[in-house]
Amino acid sequence: MLKATNPLDEEKLLNKMAEIAGGKEKLFEQLLSAAKEAMTKAYASYSKFRVGAALLTVDGKIYSGCNVENASLPVGVCAEVCVGAKAVSEGSQKFYAVAVYCERSHSAWPCGRCRQFLSEFGGQKLIVVTEGKNGQLQTKTMGELLPEMFGPGDMTDMLNSP
Ligand SMILES: [Zn+2]
């Protein structure tokens, strides 16, 4: 398995992964396929709104997750939180791209809470991938989805101000 240890290696690794896949778009298509597969595991008994997410970290690892609902409805978590927590708990804290898929909604961009959650680990450069109405790949950066985001730097500024 390919493995990166510093930012330059990370960039090389991600370029190599894209090359192996046949280009960045193909790599993102693979990520979207993983999100579709993850969606089949969703626990969406109440909303019937199954969502899957797949995450590619800068060290080349891929994680997948799904939404997990609960009889106490606010307790449920989105697929993006599920996959993000999974990656962090496995030691991956730098996200490169995330794909989100929902069978009942095209252009399944993350909800506001998930944008904030994911931005912690990918910042403005995080690439978000989904599928449009006609099955075409759609990508945006987190900077486009959550401009003026509140990030770890803002927290440091607050803690250091008198
Ligand atoms: Zn969400």
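In what kind of crossing, left-handed or right-handed, does helix 3 pass helix 4? I would like to start there this morning, and I should say at once that what we are looking at is a predicted model. When you follow the two elements in the structure above, helix 3 passes helix 4 in a left-handed crossing. The contact between them is made by Glu80, Val81, Gly84, Ala85 and Val88 on the side of helix 3, and by Arg113, Cys114, Phe117, Leu118 and Phe121 on the side of helix 4.

For those of you who are new to this, two packed helices are described by the angle between their axes and the distance between the axes. For helix 3 and helix 4, the axes come within 9 Å and cross at roughly 20°. An angle under 35 degrees counts as roughly parallel, and helix 3 and helix 4 are therefore roughly parallel to each other.

Let me stay with helix 3 for a moment, and ask which of its residues are buried. They are Ala79, Glu80, Val81, Val83, Gly84 and Ala87, and the buried residues of this helix pack against strand 1, strand 2 and strand 3 as well as against helix 4. After helix 3 comes Gly91, and the phi angle of this glycine is positive, near 100°.

Now to the metal. Which residues coordinate the zinc ion? The answer is three cysteines, Cys78, Cys111 and Cys114, each through its SG atom, at 2.2 to 2.3 Å. Along the sequence, these donor residues follow the spacing C-x32-C-x2-C. Cys78 sits in the loop between strand 2 (62–66) and helix 3 (79–89), while Cys111 sits in the loop between strand 3 (95–102) and helix 4 (112–122), so this pair ties together parts of the chain that are 33 residues apart in sequence.

How accessible are the three donors, then? Cys78 has 28% relative accessibility and counts as partly exposed, and Cys111, at 33%, counts as partly exposed too. Cys114, by contrast, is buried, with a relative accessible area of 0%, and you will remember Cys114 as one of the residues of helix 4 that make the contact with helix 3. With cysteines in view, somebody may wish to know how many disulfides a search of the whole structure finds, and the number is zero.

Let me turn to the beginning of the chain, where there is another pair of helices to consider. The axes of helix 1 (residues 7–21) and helix 2 (residues 24–39) come within 7 Å and cross at roughly 85°. Since angles of 65 to 115 degrees count as roughly perpendicular, helix 1 and helix 2 are therefore described as roughly perpendicular to each other. Where these helices meet, helix 1 brings Leu14, Asn15, Met17, Ala18 and Ala21, and helix 2 brings Lys24, Lys26, Leu27 and Gln30. Asn15, within helix 1, is partly exposed, with a relative accessible area of 38%. The C-alpha atoms of Asn15 and Leu27 are separated by 10.0 Å, and these two residues are 12 residues apart along the chain.

Two individual residues deserve a closer look. Met39 is found in helix 2 and, at 5% relative accessibility, counts as buried. Leaving aside neighbours within four places in sequence, Met39 is in contact with Arg50, Val51, Gly52, Tyr101, Cys102 and Glu103. Tyr101 is 62 residues away from Met39 in sequence, and yet the C-alpha atoms of the two are 7.2 Å apart in space.

The other residue is Thr57, which has its place in strand 1 (residues 51–57) and counts as buried at 0% relative accessibility. With neighbours within four places in sequence again left aside, the contacts of Thr57 are Leu14, Tyr63, Ser92, Lys94, Phe95 and Tyr96.

I will finish with two loop residues and their backbone angles. Ser107 is in the loop between strand 3 and helix 4, and its phi is near 50°, a positive value in a residue other than glycine; at 22% relative accessibility, Ser107 counts as partly exposed. Glu148, in the loop between helix 5 (142–145) and helix 6 (152–160), has a positive phi of about 55° although it is not a glycine, and at 76% relative accessibility Glu148 counts as exposed.

Definitions and conventions
Residues numbered from 1 in each chain as written. Predicted model: local features only at pLDDT ≥ 70, side-chain atom pairs only at ≥ 80, totals over all residues. Heavy atoms only, no water. Donors = N, O, S within 2.8 Å, 3.2 Å for Na, K, Ca; no water. Helix = DSSP H or I, 4+ residues; strand = E, 2+ residues; numbered from the N terminus. Buried < 20%, exposed > 50% of the residue type's maximum accessible area, 1.4 Å probe, protein only. Disulfide = S-S within 2.5 Å. Axes fitted to C-alpha atoms, helices over the stretch in contact; angles between N-to-C directions. Parallel < 35°, antiparallel > 145°, perpendicular 65-115°, else oblique. Left-handed = near helix turned anticlockwise from the far one by under 90°. Contact = heavy atoms within 4.5 Å.
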